[in-house]
2 protein chains.
Amino acid sequence: MNSTRLADFMPYRMAITSNAVSGLIAGEYRSEFGLKIPEWRIMAVLGDAGSLTQRDLVQATLMDKVAVNRACKVLEERGFVHRSPNEHDGRSHHLELTTSGRDLHGKIWPQAVETYEKIFSAITPRELEKLRAILDKLLKAARAIEGDDK
Amino acid sequence: MNSTRLADFMPYRMAITSNAVSGLIAGEYRSEFGLKIPEWRIMAVLGDAGSLTQRDLVQATLMDKVAVNRACKVLEERGFVHRSPNEHDGRSHHLELTTSGRDLHGKIWPQAVETYEKIFSAITPRELEKLRAILDKLLKAARAIEGDDK
DNA sequence: ATAAGATCGTATCACATGAAACCAGAGGGG
DNA sequence: CCCCTCTGGTTTCATGTGATACGATCTTAT
């Protein structure tokens, strides 16, 4: 019998930890602002990048285009983003934060960062850098393998 | 404007990487054995621990009890696990791998480990240890905060 | 100019998932 | 012994999500 336990299996630990961290942040802004993860991501990107089309958002967030569409729709209904026609392409629109959207973004992002810092204060800056480097390598490796058999 | 980009946000990176790794492993045994993640986890734990009740499985896997129940049901239907009455408690049953279940487990787990090793060969043993330690700290920190405001 | 094909966004469907209701049995008092 | 509560397991329901199909528009080749 293989001695490796599920609880010690690295991918499993990564998943658990990642979920705990994301869940914590997600929980805060869900309860406080009523935003779900996809919506929050859109807000984050729009607040950072200015005016984008849905297509751009798909690329930026790595989310499904359906998810992007839905998130944009509710954000629009709630008055956080504004759609304006795209003069260069009749199919798509430009999306950007409204004043109230920008306002929300101004509160929400620092809040996420604050929670993040609370958690990550458990490790040293050196460790943080190490973590970043390691995750980078793993991601590259995973993508490389994925690419192989396709 | 806050200069931190979503793509650089650590929790985001963790999620992306973790998904890439898990997804890769999940993809393999889904296409090869037709097992979904919850089912695979149950197999892994049962193969490791022997005979357990659903309640034990919930505790061991941290999965929802509904998810556990569903996974057990399909595994039973496919003949990989066997239910026997629990003499000490008429409500629950003992679950254990059948011969064919044990057989499958014998193939599936090494396969997962192999894929895991392929990915994690991208980092050194020292880095792996470092990663384990860092994740541990983060998980503890997250859990501590979670516990606070509840 | 027109037809063919690609692309963006939207709607529809089928399935996965979690919450809550539910049932049967266990565990204690009284 | 009976009642009340608790708990393991199952079912149901409401919601979320991705794959797919679709319509409109853009692009390209003829």
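# Chat about a two-chain model

Biologist: How many residue pairs are in polar contact between chain A and chain B?
Modeller: There are six such pairs, with both residues at pLDDT 80 or more. A polar contact is a pair of N or O atoms within 3.5 Å; within protein, one must be able to donate a hydrogen and the other to accept it, and residues adjacent in sequence count only if both atoms are side-chain atoms.

Biologist: Which helices of chain A each supply at least two residues of the side that touches chain B?
Modeller: They are helix 1 (10–33), helix 2 (37–49), helix 3 (54–61), helix 5 (99–120) and helix 6 (125–148). Helix 6 gives the largest share of that side, 16 residues. Helices here are DSSP runs of H or I with at least four residues, strands are E runs of at least two, and both are numbered from the N terminus.

Biologist: Before I go on, some ground rules?
Modeller: This is a predicted model, in which local features need pLDDT of at least 70, side-chain atom pairs count only at pLDDT 80 or more, and totals for chains, interfaces and linings use all residues; side-chain values use heavy atoms, with hydrogens and water left out. Residues are numbered from 1 along each chain as its sequence is written, while chains are lettered from A and ligands numbered from 1 in the order in which they are written.

Biologist: OK. What turn lays chain A on chain B?
Modeller: A turn of 180 degrees with a shift of 0.0 Å along the axis does it, at an RMSD of 0.1 Å. The two copies are therefore related as by a two-fold rotation axis. Superposition is by least squares on the C-alpha atoms of residues with pLDDT of at least 70 in both copies.

Biologist: Which residue of chain A comes closest to the rotation axis?
Modeller: A:Leu131, with its C-alpha at 3.3 Å. Both copies use the same surface, since 100% of the contact residues of chain A recur in chain B. Contact means heavy atoms within 4.5 Å.

Biologist: What area is buried between chain A and chain B?
Modeller: About 5,600 Å², with carbon and sulfur atoms giving 73% of it. In chain A, the residues losing the most area to chain B are A:Phe9, A:Met10 and A:Trp109, together 12% of what that side buries. Buried area is the accessible area (1.4 Å probe) that two parts lose on being put together, summed over both.

Biologist: How many salt bridges does the rule find across the interface?
Modeller: Six. A salt bridge is a side-chain nitrogen of Lys or Arg within 4 Å of a carboxyl oxygen of Asp or Glu. One of them joins B:Lys137 and A:Glu127, at 2.9 Å from N to O. The pair runs from helix 6 (residues 125–148) of chain B to helix 6 of chain A.

Biologist: And is A:Glu127 buried or exposed?
Modeller: A:Glu127 counts as buried because its relative accessibility is 8%. B:Lys137, at 34%, is partly exposed. Buried means under 20% relative accessible area, exposed over 50%, and partly exposed in between (1.4 Å probe, protein chains only).

Biologist: Where do B:Lys140 and B:Asp136 lie?
Modeller: Both are in helix 6 of chain B, four residues apart, about one turn of the helix. Their side chains meet in a salt bridge at 4.0 Å, N to O. They are also linked with A:Asp8 and A:Arg13 in a network of salt bridges.

Biologist: New topic. How many disulfides are there over all chains?
Modeller: Zero, counting a disulfide as a pair of cysteine sulfur atoms within 2.5 Å. A:Cys72 is buried, at 1% relative accessibility, and B:Cys72 is also buried, at 1%.
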